[in-house]
Amino acid sequence: MQQSGTSTTPKRSRRLLALALGLGLASAALGSAGPASAQSPTTAPARTAAAGYVGSSENAANKAFFEAVVKSVAKRQAGRSALAAVTVYYNPNQAPSFRSQISSAASIWNSSVSNVKLQATSGSADFSFYEGNDSRGSYASTNGHGRGYIFLDYAQNQRYDSIRVTTHETGHVLGLPDHYSGPCSELMSGGGPGPSCTNRYPNATERARVNQLWANGLAKALAQVKQ
């Protein structure tokens, strides 16, 4: 309501400007959300899922993550792509709270498949782990520069079996998509079966798919990327 004899136009303009600036800052903050740890590697992709990691349509992002890892490995193994087994290196240093879970996830995959192996390194890696708080939960993504990372959310890992969460996200490194409608026996069903599901192992179909993707060294994996 205007006061008699006093122009409100400058005040209204200032309020509108302040509101516009506030919205702009809020949008920038949402758009730049990434790993909550220091030295964030990239802007995280937009996601619609909450911390439950169920029902999100993120397979396109997971495919991009797999492609980035394959390209990273191919660059490192240039001239040796016909090796019987491919080694994918990961750096866990930015997720110190989850060292045990990460190690367990790598061991589970290494004992489950034969054509690709996961190995820890403190140096340059094909992908890295990060930890922190994120309402979107844990996820796998790329940094846009030929490398990938897995972000592990604190709250989600308290609600769900933490090793299952970590092994599930690591499955994306090896080329597996999410399948939330699957049963608990299916690792890539993620949080679909609910927090009571504690299965940490890929089933026979998932194991076979990973071995198929990485058969003949990098040949099959690179073929998938080129499709």
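What follows is a short chat about reading a sheet and the helix packed on it in a predicted model.

Biologist: Let's start with the sheet. How many strands does the open sheet have, and in what order?

Modeller: Follow the strands by who sits beside whom. Here the open sheet has five strands in the order β2-β1-β3-β5-β4, and the pairing is mixed.

Biologist: Which are the edge strands?

Modeller: Look for strands that pair on one side only: here those are β2 (116-120) and β4 (139-142). As for twist, neighbouring strands are turned by 25 degrees against each other on average, ignoring direction.

Biologist: In what sense do β1 and β2 pair, parallel or antiparallel?

Modeller: Check which way the strands run, then find the bridges. Strand β1, residues 86-94, pairs with β2 in the parallel sense, over five bridges. To see one of them, go to valine 86, whose bridge partner in β2 is valine 116.

Biologist: Which strands does helix α5 touch?

Modeller: Helix α5 (residues 162-173) packs on the sheet and touches β1, β2, β3 (127-132), β4 and β5 (148-153). Compare directions too: that of α5 makes about 165 degrees with that of β5.

Biologist: And how far does α5 reach from its first C-alpha to its last?

Modeller: Set the span against the residue count. With 12 residues, α5 reaches 17 Å, close to the 16 Å expected at 1.5 Å a residue.

Biologist: Why is α5 described as largely enclosed?

Modeller: Go by burial, meaning under 20% relative accessible area. In α5, 12 of the 12 residues are buried, so the rest of the structure largely encloses this helix. Among them are Arg164, Glu169 and His172.

Biologist: What follows α5?

Modeller: Glycine 175, with a positive phi near 110 degrees.

Terms used: Residues numbered from 1 in each chain as written. Predicted model: local features only at pLDDT ≥ 70, side-chain atom pairs only at ≥ 80, totals over all residues. Heavy atoms only, no water. Pairing = 2+ DSSP bridges. Helix = DSSP H or I, 4+ residues; strand = E, 2+ residues; numbered from the N terminus. Axes fitted to C-alpha atoms, helices over the stretch in contact; angles between N-to-C directions. Contact = heavy atoms within 4.5 Å. Expected span 1.5 Å × (residues − 1). Buried < 20%, exposed > 50% of the residue type's maximum accessible area, 1.4 Å probe, protein only.
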